[in-house]
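Trainee: Could you take me through one part of this protein slowly? I'd like a close look at the place where two of its domains meet.

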Amino acid sequence: MTILIQDSKSLADFCESLAKAEYVTVDTEFMREKTYYPQLCLVQLAGPDAAAAIDPLALGMDLKPLFALMANPAVLKVFHAARQDIEIFYFLGNVIPAPLFDTQVAAMVCGFGDSVGYETLASRLANARIDKSFRFSDWAGRPLSDKQLDYALADVTHLRIVYEKLAQMLEKNGRAHWLTEEMAVLTAASTYDADPMDSWRRLKPRTNSTKFLAVLREIAAWRELEARKRDLPRNRFLRDEALLEIAAREPKNADELGKIRALSKGFAEGAMGKQLLDAVKRGTEVPKEDRPQLPERVELPAGRGPIVELMKVLLKLRCEENGVAQKLVANTGDLEAIAADDKADVPALQGWRREMFGDDALDLKQGRLALTADGMTVKIVPVQGLAAQ
């Protein structure tokens, strides 16, 4: 029988029982299509011996015991692809679940490929088949059906086995500290509490005109704050294309603003239009030395392109040998940065990634390593006495 908790006392009792567990598995169901912030509709919790779904929309439901459990340092919180779930707990309860274990990241460390899905892990490690038909259910609707609840709870009951087997793999291969480095990012408040003044970066502008970028920064920050205030998706409040066009045109009055294709005349002439024009004006008045700039594009020195291609082969080889997803170690941009600069500020030259790949990449670049093939496999060969030639 599926357990659905719909009152505060039952939730408090359940969380109190789980506070004694070594770990809990956690998942959420939420809706976000019409809001800026995710609307939490269901929380699924499981300890080693018990599991329940929690209805946060139930009348009078107090989620404080849940938030306290998420903050309990004695209980490991296990998620799959945790970022969006953690964001919900951060904004609703001002808590970041910790300590944390993300099975998607752990699976990448253990050789299950890039961004492996929960269904794949449940099938391969728990011998479970997940019914995907309820993935896009209306989780805000009430009452929830038994089939919806069964689907939701499967996300935490099978996750127990997935977690335990991945933890055993990490213990066996000695890579638990690799996962710790990755969890530090997921448990940092800065990951979720983004500065509105940085929101312009998500628009990926293609020009490095500092005046354009200064205006874009101001109007994107204004949109971000207004979308949060109204709890509306950014693009429902004001589309990205409109921001880019406004930054390019720099309208000075309502008439000019009204000529922006994505804006209505009523918007341009109303209070929102005035605020938007004020933001444009602030951007145009930013001193040159304070205007934002796009990161400088890495220009590979002549002849370094083939080195990047060799590094790609080395990366694939090292990742296959170690059973680690390439995406977790380095991307093409990282390799280009290393080819241009031995001290490039990229993850591949830090921590466990450097141990596994980065030092070898530098040795390959400097001629201290070579790649050779024996007809069936590629091998890494140390080079003696050739690096200085």
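Mentor: Here is a walk through that contact, followed by a few backbone and charge details elsewhere in the chain.

Keep in mind that we're looking at a predicted model. The chain splits into domain 1 (3-191), domain 2 (196-285) and domain 3 (304-382). The pair to look at is domain 1 and domain 3, whose C-alpha centres sit 35 Å apart. Twelve residues from domain 1 and eleven residues from domain 3 make up the contact. Together, domain 1 and domain 3 bury about 990 Å², with 55% of that on carbon and sulfur atoms.

Now for the polar side of things. Seven residue pairs are in polar contact across the interface of domain 1 and domain 3, counting pairs with both residues at pLDDT 80 or more. On the domain 1 side, α4 (103-109) and α7 (176-186) each bring at least two residues to the surface that touches domain 3. Sorted by class, that side of domain 1 has five nonpolar, three polar and four charged residues.

As for salt bridges, the count between domain 1 and domain 3 is one. Zoom in on E182 and R353: they form a salt bridge, and their closest N and O atoms are 2.9 Å apart. Side chains of opposite charge can pair when their charged atoms come close. For the whole model, the count comes to 26 salt bridges. Another one to click on is R234 with E224, where the closest N and O atoms are 2.7 Å apart. That pair joins distant parts of the chain, ten residues apart: R234 belongs to helix α9 (residues 234-237) and E224 to helix α8 (residues 210-230).

While you're around those helices, here's what the record says. In UniProt, an unreviewed entry carries the annotation "domain: HRDC" over residues 209-290. In the model, residues 209-290 are 71% helix and 0% strand, and the end C-alpha atoms of the span lie 13 Å apart.

Back along the chain, a few backbone spots deserve a look. Most residues other than glycine have a negative phi, and most peptide bonds are trans. A81 is not a glycine, yet its phi is positive, at about 55°. You'll find A81 in the loop between β5 (76-79) and α3. Further on, A98 and P99 are joined by a cis peptide bond, with omega about -5°. P99 lies in the loop that runs between α3 (83-93) and β6 (100-102). There's a cis peptide bond between R142 and P143 too, where omega is about 5°. P143 is also a loop residue, placed between α5 (118-126) and α6 (146-173).

If you want one view to start from, center on E182 and R353, the salt bridge we looked at above.

Conventions: Residues are numbered from 1 along each chain as its sequence is written. This is a predicted model: local features need pLDDT of at least 70, side-chain atom pairs count only at pLDDT 80 or more; totals for chains, interfaces and linings use all residues. Side-chain values use heavy atoms; hydrogens and water are left out. Domain bounds come from an automatic or database domain assignment. Contact means heavy atoms within 4.5 Å. Buried area is the accessible area (1.4 Å probe) that two parts lose on being put together, summed over both. A salt bridge is a side-chain nitrogen of Lys or Arg within 4 Å of a carboxyl oxygen of Asp or Glu. A polar contact is a pair of N or O atoms within 3.5 Å; within protein, one must be able to donate a hydrogen and the other to accept it, and residues adjacent in sequence count only if both atoms are side-chain atoms. Helices (H or I, at least four residues) and strands (E, at least two) are DSSP runs, numbered from the N terminus. Ala, Val, Leu, Ile, Met, Phe, Trp, Tyr, Cys and Pro count as nonpolar, Asp, Glu, Lys and Arg as charged, and the others, Gly among them, as polar. UniProt positions are given in the numbering used here, feature names are shortened, and annotations may be inferred rather than shown by experiment.
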